[in-house]
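Here are a few exercises to help you find your way around a new structure. Try each task yourself before you read the solution.

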Amino acid sequence: MRTIQHRKRIAIYPGTFDPITNGHLDILARASQIFDEIIVALVENTTKSTMFSLLERHHFLKQAVAARAFGCPVRVETFKGLLVDFAKRKKAPIIVRGLRAVSDFEYEFQMALMNRHQSAQIETVFLMPDEKYVYLSSSMVKEVGHHQGNLKSFLPKPVLMAIREKLRHRT
């Protein structure tokens, strides 16, 4: 009798995560119910100006992942270069992206098609966050934080404290 082998479904959830928000964690939790393993891939993007260093963002991601229970193993890694090349090295045929609103769709659609052009074996899966995070973005968090707005329900506590501390030194 022949047995059917289950191939491990490894997905990559990429981003700059500057900073990681509860919206990101919501997408990660949803993805963890679908896949067997997730690699949160922190991109070292030299063209983007970030509030937090790569080391700080990596630390926040690891803390946030360790503080929550997910439906599958989740690990945090950094990478440079093309996402599809990283995905191939990790034997991860799936890229997870969050879609908050229609405005995200065009950019994400173009990126997914470019990734598919680079490697037809890699598929992009889009997930929607909980309604309470639909308008949340890292850029918005930084803007609200800059004006001392209330971010408590949008960020893991260590990130909230780090933003407050960083912005306190900028003014």
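For the charge count below, Lys and Arg count as positive and Asp and Glu as negative, while His and the chain ends are left out. Keep in mind that this is a predicted model.

**Exercise 1. Work out how many charged side chains of each sign the chain has, and how far apart the centres of the two sets lie.**

Solution. Start with the positive side chains: the chain has 26 of them. Next come the negative ones, and there are 16. Finally, take the centre of each set; the two centres lie 5 Å apart.

**Exercise 2. List the helices and strands, and find the pattern they follow along the sequence.**

Solution. Count them up to begin with: six helices and five strands. Then walk along the sequence, and you'll read β-α-β-α-β-α-β-α-β-α-α.

**Exercise 3. Find out why the radius of gyration of the chain agrees or disagrees with that of a compact globule.**

Solution. The chain has 171 residues, so a compact globule would have a radius of gyration near 16 Å. The chain itself comes out at 17 Å, which agrees. Now look at the box that the C-alpha atoms fill: along the principal axes, that's roughly 70 × 30 × 30 Å. For the inside, note that buried residues make up 45% of the 171. As for contacts between residues at least 6 apart in sequence, 77% of them join residues at least 24 apart.

**Exercise 4. Locate Ser 138 and decide: buried or exposed?**

Solution. Ser 138 sits in helix α5, which covers residues 138-146. Its relative accessibility is 14%, and buried means under 20%, so Ser 138 counts as buried. Now check who is around: setting aside neighbours within four places in sequence, Ser 138 is in contact with Asp 18, Pro 19, Thr 21 and His 24. With Pro 19 there's a further detail, since the side chain of Ser 138 reaches the backbone oxygen of that residue at 2.8 Å. To finish, pick Lys 166, 28 residues from Ser 138 along the chain: the two C-alpha atoms are separated by 15 Å.

**Exercise 5. Do the same for Ser 119: where is it, and is it buried or exposed?**

Solution. Look in the loop between α4 (102-118) and β5 (123-127), and you'll find Ser 119. At 3% relative accessibility, Ser 119 counts as buried. Leaving out residues up to four places away in sequence, Ser 119 touches Val 84 and Lys 88.

Technical notes. Residues numbered from 1 in each chain as written. Predicted model: local features only at pLDDT ≥ 70, side-chain atom pairs only at ≥ 80, totals over all residues. Heavy atoms only, no water. Helix = DSSP H or I, 4+ residues; strand = E, 2+ residues; numbered from the N terminus. Rg over C-alpha atoms; globule rule 2.2 N^0.38 Å. Buried < 20%, exposed > 50% of the residue type's maximum accessible area, 1.4 Å probe, protein only. Contact = heavy atoms within 4.5 Å. Charge placed at Lys NZ, Arg CZ, Asp CG, Glu CD. Polar contact = N/O pair within 3.5 Å; in protein donor to acceptor, adjacent residues only side chain to side chain.
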